[in-house]
Amino acid sequence: MTKKILIIDDDRDLRDFLQQAFSAAGFQVEIADRGAIGLRMLLTEDFQLVLIDLNMPEISGPNICRALRKHDNTRDLPVVMVTAIFHSPEQIAAAKEDYGADDFLLKPFTGEDLQSLLERVFTSGETAKDATPKVKPLSDYTVPLQLQQLYREKATGLLHLTHGEAKKIIYIKDGYPIFTRSNVLSECLGRMLVKEGVFTQVDCDESVERSKESGRLQGTVLIEMGLMTPQEVQAALVRQVTEKLLSTFAWKSGTYQFVPGKDFKKTVTRIKLTPAALIMQGINRYWSPKQLDDFLYPFSEDYLKKATNPLYRFQDIELNKRGEAIFNGCVGIKTLDSILQQHPLARREVQKVLAALMISEMLERSATPDPLAAEDISGDAEIEIIDEKLRRKILDDYQRIMNSDYFETLGIDRQSGSAEARKAYYRLAKEYHPDRFLGSGLSNEMSNKINEMFQYITQAYTVLSDADSRTDYLDELVNGPKKSIDINQVIEAETSYQEGRALLKVRRFSAAAKSLQRAIELSPGESEYMTFFAWALFKSDPEKPDIQNQALEVLLASRETNPGFDLTHLYLAQVYQSLGKERQAEKSFEMAVQANPDCTEALRELRLINLRREQEPQSKGLFKKFMKKKG
C-alpha cells in the first residue's frame, strides 16, 4: 500500500520541492498552505506522515502538533517539524518534548537529508539503532560537501577518509573540525618543518632520536635544542593538523565514512579555522580548473544572493578584498555566469570564491531574480582573544539579552514591523554568530552562552517577523515574559568566581576554595571555575592526600571540558609532582606549553626536568663501573 504524506507549509517553493521529492520516492503526497486547512485534513483523512513548518499562518506548527496528540486517530501519527531555528541536540530534544514532534527536518536540507528522514520514520527503531555507518565512495567534491553537511548537522564524531594507502581521520566536534590524524609520513611535524626550511634534515633526525629516547614530545625537544621557540612550535602544530585536512581536497577517489560519537581523544593542538574557511582554503589550493568548471556549470543560469539564514550567511570564511566584493555583489539580480563574465581576467579566482560560498551555503540560488534581496546589513565587529574584558562583555550581553523580551532583544519598539525586525536581527546575528568566537579561547560554558544568545535572537526574530505571532506575543507580554533561564544565578556564579580569584591572589586559599566551590554549584559546566577551585583547594593543604586526590579529580574533569586552558595543565602538573608522578607531571607541563607558548612556569619546569635528566646518565655510568670492579 502506498504511504500517504501531507506537507503543511506556506512557502510554495518548499512545498513544490518536497512534493516532487516524495512523489519521486513513490509516496502519495498532498499539500496545504495554511495551518487550519492542514489540521482539518489530518483530522478527517488518513496519513502515514505529516511535515509541518514551525511557523504557519492561523495555527502554528507546534499548536497543530499538540492538537494532533489530543485526538485518538492522530495520536500516533509521525510528525516532522520543518525549521531553521533548532539545531543543537538539546534544543531539538526539548522541542520534541514540548510539541510532541517525532523528528525535525532542519533547513536548509538536501535530498540525502530527506532519504535519511524517511529511513528514520519508516524503519524500526532497532534496525536504525544497530545500523553501521556505511563506507561510501569518495569523489571530486566529497570532502567540502561532507564538511558542510556535518557543520549543518552540528555533528560530533570521526570522519574517516582513505585514498589508496593513505588514511586520515578528521575529528569533528559540534560540526567543527578540530583535529586530523594521518598515516602519510610526509605530513609528520619534522618533515613538514624541513620542507619549510625551518631546520635541516640532520636536526630533524636528532630531534626524533632524542624524542624516542626520552619519551617527550618532539615539539618540546625542538625547543630544548634551540631550533624553535614555543610560539613557533605551537604555530607549526596548528599548520600541521590543518594541512593534513586541507590536502584531502585533492583526493578524487577513495572512500569516506562518518562514525558518530561523543567521546574521542582530546587534543589542544586544534584546527583554528571554521568549516567555511577550510572549504575556501581547500578549494583555493587544491581544486583544478576542470573541477571548478564541472561544479559550477549546472548553476550557470541561477541567480545568486546572500543566504537569508544568518547561521550560514555570517560564517567566518576569511575572504580577501575581491572575495568580499564578489559576496557583497550577490544580491539576487545577477546569474552566476554574468558574475563570471564581469571578471574575465580573474575568472578562476572568482570561480573559487563562488564555489566555496555555495558549498558553505552562504549563497542561495534561485531560478528568478529577486530585486528585494538587494538590501543588506553591513558592518563587522572585531573579536579579541579571550580575556577578562571579553568574558565580562559576553556575560553582560548574556544578561541583557536573555533577560529581555523579544522587542528589547532586537532593540526595536513594539510598533515596529517585519522590516525593522529583519534589520535589527541581521545586525545582531552577525555580531553573535558562533563562528566569530572560534579561536578566542572560550570555555564550553562561555561558548554555550554565545549559542544561547544566538538562538534567542533568532527566536525573537521568528516571532516578531510574523504579524500573527507578533500579535500573540504582545498579548503574552501583558502577563510578563516566561523565562527558563535564571539570570541571577548566572551572575551570582560569576561574582563568586571573581571573589575566589581575588582571594587566590592574596593567598587566602581556604576562603578562595569556598567562593569558587559556590561558583561551581551555581554553574557546574564552567571549566575555569573548576580549575581555580581545584588549585585553591590544593594550596589550602598541599600535603594532605585527600586534598591532593580531590584536586586531581577536579582538574582532570576540567581538562576534559576545556583542554585548551593552559592553567589546567600547569596546575595538574604541579599536583602530579606533589604525588611523585614525574612522568605525568612532565606531560602536563608539555601540554600547558602547547596550549599557551607563553606559559613561562611550565617552560621553566621543563628545563629543570631536562637538566636533571642530563645528569642521570653519568651517575648510571659510575654505578656500572662500580659493579664491574666488584665482579
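The legends below describe close-up views of a predicted model.

**View 1. Helix 9 and its two faces, residues 201-214.** Helix 9 is made up of 14 residues and spans 20 Å from its first C-alpha to its last, which is close to the 20 Å expected at 1.5 Å a residue. Its buried residues are Cys-204, Ser-207, Ser-211 and Ser-214, and because these fall within an arc of 110° when seen down the helix axis, they line one face of helix 9. An α-helix has 3.6 residues a turn, so residues three or four places apart point the same way. On the face of helix 9 turned away from the buried side, the exposed residues are Val-202, Lys-212 and Glu-213. Gly-215 follows helix 9 and has a positive phi, near 80°.

**View 2. The packing of helix 12 against helix 17.** Helix 12 (residues 275-286) packs with helix 17 (residues 347-359) at an angle of about 145°, the two axes being 9 Å apart, and the crossing of these helices is right-handed. From helix 12, Ile-279, Met-280, Ile-283 and Asn-284 take part in the contact, where they meet Lys-352, Val-353, Ala-355, Ala-356 and Ile-359 of helix 17. By residue class, this contact between helix 12 and helix 17 comprises 7 nonpolar, 1 polar and 1 charged.

**View 3. The surroundings of Tyr-406 in helix 19.** Tyr-406 belongs to helix 19, which covers residues 406-410, and it counts as buried because its relative accessible area, 13%, is under the 20% cut-off. When its neighbours within four places in sequence are left aside, Tyr-406 is in contact with Tyr-456, Gln-459, Ala-460, Val-463, Leu-464 and Tyr-473. Of these partners, Gln-459 is 53 residues from Tyr-406 in sequence, while their C-alpha atoms are 8.2 Å apart in space.

**View 4. Helix 3, a mostly covered helix.** In helix 3, which runs over residues 61-69, 7 of the 9 residues are buried. The buried residues are Gly-61, Pro-62, Ile-64, Cys-65, Ala-67, Leu-68 and Arg-69.

**View 5. Positive phi at Lys-154 and at Asp-174.** Lys-154, which is not a glycine, has a positive phi of about 55° and is found in the loop between helix 7 (142-153) and strand 7 (157-163). With a relative accessibility of 18%, Lys-154 counts as buried. Asp-174, also a residue other than glycine, has a positive phi near 55° and lies in the loop that joins strand 8 (166-173) to strand 9 (176-182). Asp-174 has a relative accessibility of 41% and counts as partly exposed.

Technical notes. Residues are numbered from 1 along each chain as its sequence is written. This is a predicted model: local features need pLDDT of at least 70, side-chain atom pairs count only at pLDDT 80 or more; totals for chains, interfaces and linings use all residues. Side-chain values use heavy atoms; hydrogens and water are left out. Helices (H or I, at least four residues) and strands (E, at least two) are DSSP runs, numbered from the N terminus. The expected span of a helix is 1.5 Å times one less than its number of residues. Buried means under 20% relative accessible area, exposed over 50%, partly exposed in between (1.4 Å probe, protein chains only). The arc is that of the directions from the helix axis to the C-beta atoms. Axes are lines fitted to C-alpha atoms, for helices over the stretch in contact, and angles run from 0 to 180 degrees between N-to-C directions. A crossing is left-handed if the near helix is turned anticlockwise from the far one by less than a right angle, and right-handed if clockwise. Contact means heavy atoms within 4.5 Å. Ala, Val, Leu, Ile, Met, Phe, Trp, Tyr, Cys and Pro count as nonpolar, Asp, Glu, Lys and Arg as charged, and the others, Gly among them, as polar.
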